[in-house]
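User: I would like a close look at one part of this model, with the cut-offs spelled out. Please start from a single side-chain pair and work outwards.

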Amino acid sequence: IKLIHLKKLFLLNLQNMISKKRKSLIWAFFISQIYLLFPYVKNRALSLKNFVDEYIILTSNVQFFKNLNYDAGPDWGGNFSIYLTSGPLSAVGSVIGWNITENFTITRISNFYWVLLIELLFIYVLSRKYELDSVFLIFGANTFLLLIPWWYGSLYSLGEIASMLVFTNSIFLYKKYPEVAMVFFSTSIFFGKILTALPFLGFYLFAFMKKKRVRIFREILCFLLPL
């Protein structure tokens with residue numbers, strides 16, 4: 001009996017040791033992946049042509065995070081410019097990069113990694129709640145973003161990528177946490193890209209018809225919280 005007990009302890013310790021080494025290897029590989037990705041993103045940021053929407057979005061969001069005022073300047077329509085196409089969700093990385101360096105290339109790169117951070121946070125939450133293969137998702141996060149044809153829109157601080165990432169991941173979150181998902185749906189629309197409202201209406205109409213019990217008033221209230 002003692003021999004069996006010692007054997008069990010040995011196997012348990014061996015399993016824990018392998019698990020710890022596996023985690024270390026995963027993080028080492030992920031960090032090296034981020035490092036190898038940087039030159040590619042940097043070269044794309046350097047090669048992108050000037051785009052007027054980028055100036056308007058960056059100027060408006062810098063003013064928003066400093067003064068809570070979407071002011072693009074007098075040359076581009078001033079407060080809440082009609083040329084502004086994206087909300088603050090899409091430009092958090094740009095604002096941070098610009099305030100620290102005032103360099104357009106670093107600003108663009110910073111915003112890409114901000115979008116990647118959004119994806120990684122959702123991967124962490126969803127993999128825990130749905131017991132998904134988090135290793136595959138973490139390793140694939142960079143590739144998934146680059147497979148989107150318009151991925152470099154995140155370098156321009158445009159709202160399509162960030163808002164659709166939040167929207168798509170909120171669909172998976174909706175089954176277990178509908179109220180939380182509604183807050184994220186609203187965030188992707190009003191703080192990302194207003195056109196995201198169209199796929200949201202399609203999804204919510206389908207969910208409403210499929211679910212036997214929908215706490216519609218509570219969910220609507222959660223949807224209105226970001227506003």
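Which residue forms a salt bridge with glutamate 160, and how far apart are the closest N and O atoms?

Analyst: The partner is lysine 193, and the closest N and O atoms of the two side chains are 3.3 Å apart. Glutamate 160 belongs to helix H6 and lysine 193 to the loop between H7 and H8, so the bridge links distant parts of the chain, 33 residues apart. A salt bridge here means a side-chain nitrogen of Lys or Arg within 4 Å of a carboxyl oxygen of Asp or Glu. Helices are DSSP runs of H or I with at least four residues, strands are runs of E with at least two, and numbering starts at the N terminus.

Some conventions apply throughout. This is a predicted model, in which local features need pLDDT of at least 70 and side-chain atom pairs count only at pLDDT 80 or more, while totals for chains, interfaces and linings use all residues. Residues are numbered from 1 along each chain as its sequence is written, and side-chain values use heavy atoms, with hydrogens and water left out.

The two ends of the bridge fall in separate accessibility classes. Buried means under 20% relative accessible area, exposed means over 50%, and partly exposed is in between (1.4 Å probe, protein chains only). Glutamate 160 has 28% relative accessibility and therefore counts as partly exposed. Lysine 193, at 11%, counts as buried.

Next, the helix that carries glutamate 160. H6 covers residues 159–174, and its 16 residues should span 22 Å at 1.5 Å a residue; the end C-alpha atoms are 22 Å apart, which agrees. The expected span is 1.5 Å times one less than the number of residues. The buried residues of H6 include Gly159, Ile161, Ala162, Leu165, Val166, Phe167, Asn169 and Leu173. In an α-helix there are 3.6 residues a turn, so residues three or four places apart point the same way. The buried residues of H6 pack against H4 (104–130), H5 (134–146), H7 (178–190), H8 (197–210) and H9 (216–224). Contact means heavy atoms within 4.5 Å.

Leucine 173, located in H6, shows this packing at the level of one residue. Its relative accessibility is 6%, so leucine 173 is classed as buried. Neighbours within four places in sequence aside, leucine 173 is in contact with Val125, Leu126, Pro178, Val180, Ala181 and Phe184. The C-alpha atom of leucine 173 is separated by 9.0 Å from that of phenylalanine 122, which is 51 residues away along the chain.

The loop holding lysine 193 joins H7 and H8. The axes of H7 and H8 are 9 Å apart and make an angle of about 155°; axes are lines fitted to C-alpha atoms, for helices over the stretch in contact, and angles run from 0 to 180 degrees between N-to-C directions. H7 and H8 are therefore roughly antiparallel, given that angles under 35 degrees count as roughly parallel, over 145 as roughly antiparallel, 65 to 115 as roughly perpendicular and the rest as oblique. On the H7 side Met182, Phe185 and Ile189 take part, and they meet Ala197, Phe200, Phe203 and Tyr204 of H8. The contact of H7 with H8 comprises seven nonpolar residues, no polar and no charged ones. In this scheme Ala, Val, Leu, Ile, Met, Phe, Trp, Tyr, Cys and Pro are nonpolar, Asp, Glu, Lys and Arg are charged, and the others, Gly among them, are polar.

The salt bridge count comes to three. In another of these bridges, the side chains of glutamate 179 and arginine 218 meet at 3.9 Å, N to O. Glutamate 179 is in H7 and arginine 218 in H9, so this pair ties together parts 39 residues apart in sequence. Arginine 218 is partly exposed at 45% relative accessible area.

Arginine 108 also forms a salt bridge, with glutamate 54, and the closest N and O atoms there are 2.8 Å apart. Arginine 108 lies in H4 and glutamate 54 in H2 (residues 52–67), with their positions 54 residues apart in the chain. Arginine 108 counts as buried at 5% relative accessibility, and glutamate 54 is buried at 3%.

As for the setting, the chain has nine helices and zero strands. Buried residues make up 41% of its 227 residues. Of the contacts between residues at least 6 apart in sequence, 66% join residues at least 24 apart.
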